[in-house]
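Biologist: I am new to this structure and would like to learn how to read it. Could you walk me through it, one feature after another?

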Amino acid sequence: MSKKEKIALSLGLVVLVLIFISSSMTYQQQNIQSDLQPFWPPFTRFLNSFSFVYAGEKHSLALDGYAGYLEFILRKLAHFASYFLMGAFFYYGLRRLIKHNFFPALIIWLAMTGLAAFDEYHQAITGGRTPSVHDVMLDSFGAVVGILLVGLIIFVVWRHHERKKLAEN
């Protein structure tokens with residue numbers, strides 16, 4: 001295992017620990033709405049320009065209020081980003097240990113999806129938190145995007161090196 005792969009696995013474990021710590025906190029401990037007050041003016045116009053439906057509920061600036069809407073968006077971005085990073089780091093770190101083309105990506109994606117489900121269960125037993133299958137799907141999507149991006153980068157770098165070798169011969 002290379003030094004880069006060990007670093008990637010270490011970073012993946014750091015993200016995993018941060019997720020576990022975050023899931024252990026109640027909603028009140030994580031509430032950042034009051035911290036968002038200074039950021040109101042620049043984002044109001046931007047946030048007012050769109051709304052979306054998540055888990056069957058419509059979210060918008062008018063419905064959630066500025067701080068609630070921005071906090072909701074940041075929380076969902078955190079779901080996606082944390083599993084994106086874990087998928088990318090674990091795939092990079094473990095891909096050579098499993099010697100088949102797409103098998104490492106599949107195994108790691110399934111593990112990340114299982115971890116997302118466990119994380120939502122963990123939230124269910126934490127005060128003031130509610131589990132959501134939609135969050136599991138968002139986490140799983142983040143992981144698969146991270147895995148695919150790393151796979152694409154590795155493929156492009158490999159192809160570049162192969163073409164360079166052919167040009168030298």
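**Reading the fold step by step**

Modeller: Gladly! The chain holds seven helices and two strands. Keep in mind that this is a predicted model.

Biologist: In what pattern do these elements follow along the sequence?

Modeller: Reading along the sequence gives α-α-α-β-β-α-α-α-α.

Biologist: How much of the chain is buried?

Modeller: Here a residue counts as buried when its relative accessible area is under 20%. Of the 169 residues in the chain, 33% are buried. Contacts add to that picture: among those between residues at least 6 apart in sequence, 70% join residues at least 24 apart.

Biologist: Now the helix pairs. How do α1 and α6 lie relative to each other?

Modeller: The general idea is to look at the angle between the axes, where angles under 35 degrees count as roughly parallel. Helix α1 (residues 3–23) and helix α6 (residues 103–124) cross at roughly 25°, and their axes come within 9 Å. Therefore α1 is roughly parallel to α6.

Biologist: Which residues make that contact?

Modeller: From α1 come L16, I19, F20 and S23, and from α6 come L115, D119, H122 and Q123. Sorted by class, the contact of α1 with α6 has four nonpolar, three polar and one charged residues.

Biologist: And at what angle do α5 and α7 pack?

Modeller: Helix α5 (residues 66–94) packs with helix α7 (residues 133–168) at about 40°, the axes being 7 Å apart. That angle makes α5 oblique to α7. The crossing of α5 past α7 is right-handed. By class, their contact has 14 nonpolar, five polar and three charged residues.

Biologist: Where does UniProt place the feature "transmembrane region"?

Modeller: The unreviewed UniProt entry places it at residues 77–94, 101–118 and 138–158. A handy next step is to compare an annotated span with the model. Residues 101–118 are 89% helix and 0% strand, with the end C-alpha atoms 27 Å apart. Residues 138–158 are 100% helix and 0% strand, and there the end C-alpha atoms lie 30 Å apart.

Biologist: Let us finish with a single residue. Where is A55 found?

Modeller: A55 sits in the loop between β1 (52–54) and β2 (57–59). For a residue like this, look at the backbone angle too: phi of A55 is near 55°, a positive value in a residue other than glycine.

Biologist: Why does A55 count as partly exposed?

Modeller: Partly exposed covers the range between buried, under 20%, and exposed, over 50%. A55 counts as partly exposed because its relative accessibility is 37%.

Terms used: Residues numbered from 1 in each chain as written. Predicted model: local features only at pLDDT ≥ 70, side-chain atom pairs only at ≥ 80, totals over all residues. Heavy atoms only, no water. Axes fitted to C-alpha atoms, helices over the stretch in contact; angles between N-to-C directions. Helix = DSSP H or I, 4+ residues; strand = E, 2+ residues; numbered from the N terminus. Parallel < 35°, antiparallel > 145°, perpendicular 65-115°, else oblique. Left-handed = near helix turned anticlockwise from the far one by under 90°. Nonpolar A, V, L, I, M, F, W, Y, C, P; charged D, E, K, R; others polar. UniProt positions renumbered as here; feature names shortened; annotations may be inferred. Contact = heavy atoms within 4.5 Å. Buried < 20%, exposed > 50% of the residue type's maximum accessible area, 1.4 Å probe, protein only.
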